[in-house]
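Work through the exercises below with the sequence and the model at hand. Each task is followed by a stepwise solution.

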Amino acid sequence: MAHVTSFSLFTEFDINLFKAGEHYRLYKKFGSHIVTVDGVEGVYFAVWAPSAKHVSVVGDFNYWTEGEHQLNVRWDSSGIWEGFIPSIGKGTLYKYNIESHHNGIKTEKSDPYARRCEHPPNTASIVWEDNYQWKDSSWMKTRKKNNALDAPYSVYEVHLGSWKKHVEENRFLSYYELADDLVNYVKDMNFTHVELMPIMEFPYDPSWGYQITGYFAPTSRYGYPEEFKYLVDKLHQNNIGIILDWVPSHFPEDAHGLGFFDGSHLYEHPDKRKGYHQDWKSLIFNYERNEVRSFLISNALFWLDQYHADGLRVDAVASMLFLDYSREDGEWEPNIYGGRENLAAIDFLKALNKEVYASFPDVQTIAEESTAFPKVSEPVFLGGLGFGMKWMMGWMHDTLEYFAKDPVYRKHHQNDITFSLAYAFTENFMLPLSHDEVVYGKNSILGRMPGDEWQRFANLRLLYGCMFTHPGTKLLFMGGEFGQYNEWDFQGSLDWNLLEFEPHKNTQNYYKALNNLYKTTPALYEKPFTGEGFEWISYDDHENCVMSYIRKGYNPEENVVVVCNLTPSIRKQYRIGIPVKGKLKEIFNSDAKEFGGSGVGNKKQITIKKHPWNGKDYSAEVTLAPLAITIFQMKK
């Protein structure tokens, strides 16, 4: 057996925090770290395997020989195995060979804390450190205002592998190439943030990254860890924030992953009713285990700390909150109070958000949560889960369903498009048109729109206009901004050739203009989560399929009036109530010719008259373009 030197990065305090589930910087201790011991450079390894009888490091440096470099178990019952192997370093391939106390079961596992992994289908971990020099200090100092809850927040959701391919070589773009192409595109389109579908290492492309095996390693599909840092850096240098999809809800059963790690149910809950996802054929973390909580919260902080992420979108929160999620009677066990809530997962989410905001007060956590679970985006000290925002799935479903209807039937469904305002201020909502809405036969967003080609694009523009003037922050999946015809294909690329055709180019220009309007109109973003930022003018004109409302910011003189005509009929001299006297000036119209519209609008300023209407003391007559949203500035 080769020599492994006793050495540790752990203090007694570290061990106590780890056991208590309150060590949130475990990536500084566990994994592989290049260190110098007694003047000799080598690698320190540390892994948690409490059910192990023996743990050895196998790799390219010892011909993957079991038992050649055995780690030492700590004396403090922490279950941590560690040791220093001299004369190896950066780039070394390795795994942990673990013999369990349970029936001599042997597993060979990738390092849960590895900073770099081999390119799938290979599964080894790689010793890796970099000395990347960040150049985003200006962004980091001021990002608090860009990530604030009263700042414009328009997110472009991206799957890196299929956003754009290198055509000549038929391959993924690298992180370096994306740092040019993607960053320039997002900046030109006036988005404020990019959200990346999971970039942590994953073995199976069709999982889109949601079945993770390398929680601390950016996927090697697109390059090295420091190259991903370069991409983040370039986004920041161009005043664009980055949100990472993060998946603490489940993980795959792959042999090299976290499952059955040391011959026991170490990371997953041992009871299949709490430890196995039937829908996704994956394992569920054991939120009742302190060390697992430390692992997950450390992982969240790792991406915020080491990769300067500006936020985490937490995947599948609903599946974590409820013990009966996607389970029939008899397939789940109630909690100690007889309820269906997963109390341990709830405690974990609260601890996560408390620590994230304590350590990084200028970022956001965003919950993908599809139920009516209360106070998801309330602070923990007020009894909430502590997220900064929550996806507004109800708005998304109702809106897409409404817009799929032929306009001739919409008068019977006015409540579908207005109902979201009945609960819009119960959470800090983000309005998502995400990847989930353009797969599995659901059609693209454009493909759902009814009518001839002109009407389909007009409906699409109107839908986006409704989203941007509805209270809440915004998210759009890639391709939607130029009217992608086909459903998303993770193996292909967006159909960029569509931009050769005028309707798609006009739609792209429209979304770019919408983003600009949003960023430069405080009334649309300063009060996104409170009723103070919204006032109905009329929501019940079913016959004409028109809805109108006021969006308000901090300065009343910057408030805007929004009128949506949800049919193809032009409506002249349409009267809307206004709370103050003055004039209306049209500042935005989705029917403008440069967007592919017919050019119907209000060229001149409109005088607001003393004519009570819609419960307001004043009113004005406006012209409404077909299938269009018109936005007016109220002027004295």
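Contact means heavy atoms within 4.5 Å. This is a predicted model, in which local features need pLDDT of at least 70 and side-chain atom pairs count only at pLDDT 80 or more, while totals for chains, interfaces and linings use all residues. Residues are numbered from 1 along each chain as its sequence is written, and side-chain values use heavy atoms, with hydrogens and water left out.

**Exercise 1.** Find which residues glutamine 633 touches, not counting residues up to four places away in sequence.

Solution. Step 1: place the residue. Glutamine 633 belongs to strand β31, residues 628-635; helices (H or I, at least four residues) and strands (E, at least two) are DSSP runs, numbered from the N terminus.

Step 2: list the contacts. With residues up to four places away in sequence left out, glutamine 633 touches Glu557, Glu558, Asn559, Val560, Lys583, Leu584, Lys585 and Ile587.

Step 3: look for a polar contact, that is, a pair of N or O atoms within 3.5 Å; within protein, one must be able to donate a hydrogen and the other to accept it, and residues adjacent in sequence count only if both atoms are side-chain atoms. A polar atom of the glutamine 633 side chain lies 3.2 Å from the backbone oxygen of asparagine 559.

**Exercise 2.** Determine whether arginine 313 is buried or exposed, and which side chains it joins by polar contacts.

Solution. Step 1: arginine 313 lies in strand β19, residues 311-314.

Step 2: apply the accessibility classes: buried means under 20% relative accessible area, exposed over 50%, partly exposed in between (1.4 Å probe, protein chains only). Arginine 313 counts as buried because its relative accessibility is 0%.

Step 3: list the surroundings. Not counting residues up to four places away in sequence, arginine 313 touches Glu195, Tyr210, Ile243, Leu244, Asp245, Trp246, Ile366, Glu368, Trp391 and His435.

Step 4: pick out the polar contacts. The side chain of arginine 313 has one of 3.3 Å with that of aspartate 245 and one of 3.4 Å with that of glutamate 368.

**Exercise 3.** Describe the burial of strand β10 and how it pairs with β23 and β13.

Solution. Step 1: β10 spans residues 154-158, and 5 of its 5 residues are buried. Ser154, Tyr156 and Val158 point one way, Val155 and Glu157 the other.

Step 2: identify the pairing; two strands pair if DSSP finds at least two bridges between them. β10 pairs with β23 in the parallel sense over 4 bridges, and valine 155 stands opposite leucine 475 in β23.

Step 3: turn to β13, residues 193-196, which also pairs with β10 in the parallel sense over 4 bridges. Here valine 158 has leucine 196 as its bridge partner.

**Exercise 4.** Characterise the largest pocket by volume and lining.

Solution. Step 1: fix the terms. On a 1 Å grid over the protein atoms alone, a cavity is a set of points where a 1.4 Å probe fits but cannot get out, and a pocket is an open set with protein on both sides within 12 Å along at least five of seven lines; lining residues have an atom within 4 Å of a point. Grid points are joined across faces, edges and corners, and a volume is the space filled by probe spheres set on the points.

Step 2: the largest pocket holds about 650 Å³. Its lining has 26 residues, and Trp208, Trp280, Asp315, Glu368 and Asp436 lie nearest the centre. Glu368 is also the partner of arginine 313 in the 3.4 Å polar contact.

Step 3: assign elements. α8 and α10 (393-403) each supply at least two lining residues, and the largest share, 3 residues, comes from α10.

Step 4: sort by class. Ala, Val, Leu, Ile, Met, Phe, Trp, Tyr, Cys and Pro count as nonpolar, Asp, Glu, Lys and Arg as charged, and the others, Gly among them, as polar. The lining divides into 11 nonpolar, 7 polar and 8 charged residues.

**Exercise 5.** State how many cavities of 30 Å³ or more the structure holds, and describe the second largest.

Solution. Step 1: there are 5 such cavities.

Step 2: the second largest has a volume of about 120 Å³. Its lining comprises 17 residues, with Val438, Met478, Gly479, Gly480 and Gln484 nearest the centre.

Step 3: α12 (445-448) and β23 (473-477) each supply at least two of the lining residues. By class, 10 are nonpolar, 7 polar and none charged.
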